Amino acid sequence: INTTLAGNWEGALGTYFGKEAYSGGVATTQYAHKNTGEKETYYIPENLKKVTLTGSMYYGAFSMIKSLEEVNLGDNAKKISDYALTGCSSHTRTKTGDGVKEIGRYAFYYCTSLKDVTLGSSITSIGGWAFGYCGAIAKINYTGDITSWCAIGWLAGLMTECVEGYS
């Protein structure tokens, strides 16, 4: 299944599909409450592979969806919040639009299959451990210039210094 969601996504994606079991749905425990860190179990289509989001992605929105392979954010998206895609172990590709300015802490944490990352030139902040335990990443494609890349306040263990030849 490929789906497009309009606007900002402020809750767990599971709220879109519901808490009732159904044929073809798989129980998925997601971060549901930013202030408490509580989790809820929702049923997500077992064959959900790609999501395109026109707005921002908030706390834990897509966390723990094991089937999800690709997430793309449009130019109107401004933020990928903390824990947004944590534990999406099949997730292989992400592309942010040029409007995204911030990637939160642990946003892609334990996306162990993530290989292809393209970040728009508007990124100004990447939170700690945003790409923690994403060992499949060979490189991050950044659409801005080297000066802007080096100005991003993090580089969370991926680089110890900015060098020419970035991509």
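In this predicted model, Trp129 has a relative accessibility of 47% and therefore counts as partly exposed, since that class covers values between the buried limit of under 20% and the exposed limit of over 50%. The residue is found in the loop between β10 and β11, and its phi is near 60°, a positive value in a residue other than glycine. Tyr133 also lies in the loop between β10 and β11, and although Tyr133 is not a glycine, its phi is positive at about 60°. With a relative accessible area of 45%, Tyr133 is likewise partly exposed. As background to these backbone angles, most residues other than glycine have a negative phi.

Strand β11, which spans residues 139–142, shows an alternating arrangement of side chains. Ile140 and Tyr142 point to one face and are buried, whereas Lys139 and Asn141 point to the other face and are not buried. This strand pairs in the parallel sense with strand β9 (residues 116–119), the two being connected over 4 bridges, and within β11 it is Asn141 that stands opposite Thr118.

A further group of 3 strands forms an open sheet in the order β6-β8-β10, with parallel pairing. The edges of this sheet are formed by β6 (79–80) and β10 (125–126), each of which pairs on one side only. Strand β6 runs parallel to strand β8 (residues 102–103), to which it is joined by 2 bridges, and Lys79 stands opposite Glu102 in β8. In general, the strands of a sheet pair through backbone hydrogen bonds, in either a parallel or an antiparallel sense.

Conventions. Residues are numbered from 1 along each chain as its sequence is written. This is a predicted model: local features need pLDDT of at least 70, side-chain atom pairs count only at pLDDT 80 or more; totals for chains, interfaces and linings use all residues. Side-chain values use heavy atoms; hydrogens and water are left out. Buried means under 20% relative accessible area, exposed over 50%, partly exposed in between (1.4 Å probe, protein chains only). Two strands pair if DSSP finds at least two bridges between them.
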